[in-house]
Amino acid sequence: MMQSVLDPGGPQADRIAHLTMILFGGGSAILLLVLAAIGLALWGPSAVRRMLASDRLVIAAGIVFPVALLSALLAYGLVVMRSSIAQADTKADVTIHVVGEQWWWRVAYAGADGTKIAEANEVRLPVGRIVEMVLTSPDVIHSAWIPALAGKVDMIPGRTNRLVLEPTRAGVFRGQCAEFCGTSHALMAFAVVVMEPEAFDAWLAREAAPAAGAGAGAELFVALGCGGCHAIRGTAARGVIGPDLTHVGGRETLGAGILPNGHAAFVRWIAATGEVKPEVRMPAFGMLPRAELEDLARYLGSLR
Amino acid sequence: VLRLRWLKLLSRLALKRPLQAAACVVAVIVLVAVGVIVFAWSGLYNVAASRGHWYVVDRFLRFGMENSVRARAPDVKPPALDDPDLVRLGGAHYHGGCAFCHGAPGSRSSPIVQTMLPPPPDLQEQVPLWTNQELFWLVKHGLKYAGMPAWPAQDRDDEVWAVVAFLRRLPGLDPAGYESIALGGVEPDPSGGRQLATAESSPDAVGACARCHGSEGQGPTSALVPRLAGQSVEWLTRALHDYAAGARHSGIMQPLAAALSPRAVTELAQYYAGLPPSSPEGAAARASGSIENGRRLATDGDAAAELPACLSCHGPSGSREYPRLAGQPARYLSAQLMAWRGGKGGASATHAIMAPIARRLNDRQIADVSAFFASLSPVSGEAGRP
């Protein structure tokens with residue numbers, strides 16, 4: 001998964017990358033100039049050294065130049081910021097509600113007839129459309145940051161913040177929490193999958209459908225009480241405390257961006273939850289016999 | 001006055017010649033230590049239990065013990081000690097855990113025990129000499145060098161209070177009264193001569209479970225004890241294993257479970273699992289919570305408070321790894337939830353699931369869900385269907 005500010009995948013990140021280039025490029029040029037001046041002052045011809053020591057140069061390069069340059073940079077920064085703020089008012093094509101919780105992401109897409117399609121720990125976006133992420137938090141301050149797509153925006157309890165994205169190329173990017181939010185803050189990440197618009201529409205339609213899984217694992221899921229916290233639409237599991245698992249098998253990662261999705265990852269997560277993610281709310285079910293863990297993992301993996 | 005003069009002399013010396021004074025003190029300490037070691041090394045002191053203590057030593061030890069207990073007894077308010085459920089639970093444990101050494105109305109302690117030094121006292125005489133808090137401290141912590149063990153589960157004060165409640169009833173109790181409290185009306189199977197002659201288990205162990213949990217057609221004798229009839233073999237087996245391994249804490253259950261052979265665990269689990277759930281009359285008695293609110297919490301949970309629905313695990317479709325709660329006494333359910341909430345009760349795998357949920361419950365909710373589950377009938381087979 002890509003996570004780089006220097007390889008932007010949308011105009012918001014472009015502007016930041018641009019600003020970064022100007023800052024680092026300009027800073028490097030100034031550093032070289034200063035080093036050259038130091039060299040000349042030490043070993044240069046006496047005429048140059050006298051010139052470097054003159055009051056006029058000190059005033060020009062030491063006061064006038066920084067004031068002018070920093071003021072220009074401030075103006076440029078304000079312009080960049082203004083364009084980001086202005087964009088927050090643009091009408092979005094896709095609205096995604098993202099709630100930061102300790103230590104995972106509750107995601108909901110607006111469905112066709114006003115219903116919400118619940119997801120978790122993964123965000124899928126269409127190329128070329130304007131996406132608005134509505135950011136909230138019920139517990140502590142989190143911050144949503146997808147370095148390759150945009151700057152970070154805090155998720156503050158009691159406030160609703162907005163993050164507007166316009167992904168320009170398909171790919172899988174990494175997002176993460178950028179505000180310390182407790183023990184497993186560093187283990188609170190998510191995958192951002194940018195897809196071609198047609199693929200995205202097809203995916204969203206699939207996500208809206210209930211789960212299609214059955215077998216021993218499905219019965220175990222209900223009997224063990226997993227449904228007390230997790231929902232799998234179309235089954236008896238209707239819990240809303242933890243992540244919605246209706247299509248968990250199709251996600252890139254498990255445990256909020258920690259484990260690459262797969263059978264072994266499901267088994268490990270269910271059996272040793274607290275080892276994978278310290279102080280996580282979900283209790284570990286390590287006392288289950290291996291066969292039952294495998295059944296559960298097979299069932300969850302089949303929910304695509 | 002004498003002591004004061006000594007101190008004056010010492011302090012004057014210490015002020016005038018501090019080095020010499022310090023040397024004096026050190027010399028005295030060394031002399032005493034050497035004397036003590038020589039005395040112990042010589043074997044002059046007789047450690048025989050058969051001999052008893054010298055009168056002065058006996059008075060001295062007793063003086064030290066009584067003062068230690070009085071000084072350390074906690075300053076807490078006991079629960080209502082005339083509570084019959086508490087008395088019956090304490091009595092049933094007394095019969096298995098204490099009577100061997102302390103005897104019981106109608107039966108003296110074993111002659112082996114009577115030759116211990118000090119001999120375990122007759123509690124009918126001793127109990128009135130202590131306050132409730134002192135008895136609590138004695139039962140919970142035991143006594144060094146006296147053979148009195150501490151409570152095996154140090155985090156289960158609730159169980160210790162049950163024993164104290166029974167001890168308060170003990171003075172003046174006649175054999176019939178003792179049996180009705182401690183044996184819970186269980187009639188031990190009359191054993192034949194051959195069985196008595198060859199059985200390895202002590203006759204006292206017979207009926208150990210039923211004293212509290214009941215048997216055919218009879219539920220628990222105390223509302224603080226869970227109903228086992230109709231629970232799954234898996235859950236019963238796991239509970240006994242967890243107690244035996246110390247993963248689940250109870251000063252009453254741990255010693256009993258630890259004494260069971262693997263075969264006995266299986267047999268017992270199958271016995272109780274096979275019993276028809278007895279009529280739950282009285283399970284909800286004295287439950288203070290609202291059944292309606294409890295039903296809501298059990299059915300829907302409370303997502304905002306991160307409380308999953310109880311019935312997602314404890315309902316009719318629940319795994320056999322989980323206990324059935326329908327018809328359990330409300331007081332038992334409340335006490336368990338309170339223990340979990342207080343971080344007590346153990347560290348078993350299922351404990352790790354339930355304890356965090358209990359910590360999110362308030363007193364009201366505990367009373368409500370306990371009342372709800374107590375009101376359900378386990379007989380219908382739909383254990384927990386609202």
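**Exercise 1. Surface of the two chains**

Task: State the accessible surface of chain A and the share of it that belongs to carbon and sulfur atoms. Then do the same for chain B.

Solution.
- Step 1. In this predicted model, chain A has an accessible surface of about 14900 Å². Carbon and sulfur atoms hold 65% of that surface.
- Step 2. For chain B the accessible surface is about 21800 Å². Here 61% belongs to carbon and sulfur atoms.
- Step 3. Add burial. In chain A, 43% of the 304 residues count as buried. In chain B, buried residues make up 41% of 386.

**Exercise 2. Fold content and spread of chain A**

Task: Give the secondary structure of chain A, then decide whether chain A is spread out or compact by the globule rule.

Solution.
- Step 1. Count the elements: chain A has eight helices and twelve strands.
- Step 2. Compare radii. The radius of gyration of chain A is 25 Å, and the globule rule gives 19 Å for 304 residues. The value is well over the rule, so chain A is more spread out than a compact globule.
- Step 3. Look at the extents. The C-alpha trace spans about 90 × 40 × 35 Å along its principal axes.
- Step 4. Check contact range. Of the contacts in chain A with a separation of 6 or more, 62% are between residues 24 or more positions apart.

**Exercise 3. The same analysis for chain B**

Task: Repeat the procedure for chain B, starting from its helices and strands.

Solution.
- Step 1. Chain B has 20 helices and zero strands.
- Step 2. Its radius of gyration is 27 Å, against 21 Å from the globule rule for 386 residues. That is well over the rule, so chain B too is more spread out than a compact globule.
- Step 3. The C-alpha trace of chain B spans about 85 × 65 × 40 Å along its principal axes.
- Step 4. Among contacts in chain B between residues at least 6 apart in sequence, 72% join residues at least 24 apart.

**Exercise 4. Charge placement**

Task: How many Å apart are the mean positions of the positive and negative charges in chain A, and in chain B?

Solution.
- Step 1. Chain A carries 25 positive and 26 negative charges. Their mean positions are 6 Å apart.
- Step 2. Chain B carries 37 positive and 32 negative charges. Their mean positions are 13 Å apart.

**Exercise 5. Backbone outliers**

Task: Locate the cis peptide bonds at A:Trp103 and B:Pro118, then place the positive phi angles of A:Glu279 and B:Glu306.

Solution.
- Step 1. A:Gln102 and A:Trp103 are joined by a cis peptide bond with omega about -5 degrees. A:Trp103 sits in the loop between strand 1 (94-101) and strand 2 (104-110) of chain A.
- Step 2. B:Leu117 and B:Pro118 also share a cis peptide bond, with omega about -5 degrees. B:Pro118 lies in the loop between helix 6 (111-114) and helix 7 (123-126) of chain B.
- Step 3. A:Glu279 is not a glycine, yet its phi is positive, near 65 degrees. This residue is in the loop between helix 7 (273-276) and helix 8 (290-302) of chain A. Is A:Glu279 buried or exposed? Its relative accessibility is 56%, so it counts as exposed; the cut-off is over 50%.
- Step 4. B:Glu306 has a positive phi of about 60 degrees and is not a glycine either. Its loop runs between helix 16 (291-300) and helix 17 (311-314) of chain B.

**Exercise 6. The interface**

Task: Describe the contact between the chains by its residues and its buried area.

Solution.
- Step 1. Chain B gives 17 residues to the contact and chain A gives 14.
- Step 2. The two chains bury about 1200 Å² between them, with 63% of it on carbon and sulfur atoms.
- Step 3. Find the top contributors in chain B. B:Glu306, B:Ser312 and B:Ile353 supply 32% of the area that chain B buries against chain A, more than any other three residues.
- Step 4. Turn to helix 5 of chain A (residues 216-223). Its buried residues are A:Gly217, A:Ala218, A:Leu220, A:Phe221 and A:Ala223. Their cover includes helix 8 of chain A and helix 17 of chain B. A:Gly225 follows helix 5, with a positive phi near 85 degrees.

**Exercise 7. Two buried residues**

Task: Work out the surroundings of A:Thr273 and the position of B:Gly327.

Solution.
- Step 1. A:Thr273 belongs to helix 7 of chain A. At 0% relative accessibility it counts as buried.
- Step 2. Leaving out residues up to four places away in sequence, A:Thr273 touches A:Arg268, A:Val280, A:Met282, A:Pro283 and A:Ala284.
- Step 3. B:Gly327 lies in the loop between helix 17 and helix 18 (330-341) of chain B. Its relative accessible area is 0%, so it is buried.
- Step 4. B:Gly327 and B:Ser377 are 50 residues apart in sequence, and their C-alpha atoms are 5.3 Å apart.

Conventions. Residues are numbered from 1 along each chain as its sequence is written. Chains are lettered from A and ligands numbered from 1 in the order in which they are written. This is a predicted model: local features need pLDDT of at least 70, side-chain atom pairs count only at pLDDT 80 or more; totals for chains, interfaces and linings use all residues. Side-chain values use heavy atoms; hydrogens and water are left out. Helices (H or I, at least four residues) and strands (E, at least two) are DSSP runs, numbered from the N terminus. The radius of gyration is taken over C-alpha atoms; the globule rule is 2.2 Å times the number of residues to the power 0.38. Buried means under 20% relative accessible area, exposed over 50%, partly exposed in between (1.4 Å probe, protein chains only). Contact means heavy atoms within 4.5 Å. Accessible areas come from the Shrake-Rupley method with a 1.4 Å probe; for residues, only the protein chains shown count as cover. Lys and Arg count as positive and Asp and Glu as negative; His and the chain ends are not counted. The place of a charge is taken as NZ of Lys, CZ of Arg, CG of Asp or CD of Glu. Buried area is the accessible area (1.4 Å probe) that two parts lose on being put together, summed over both.
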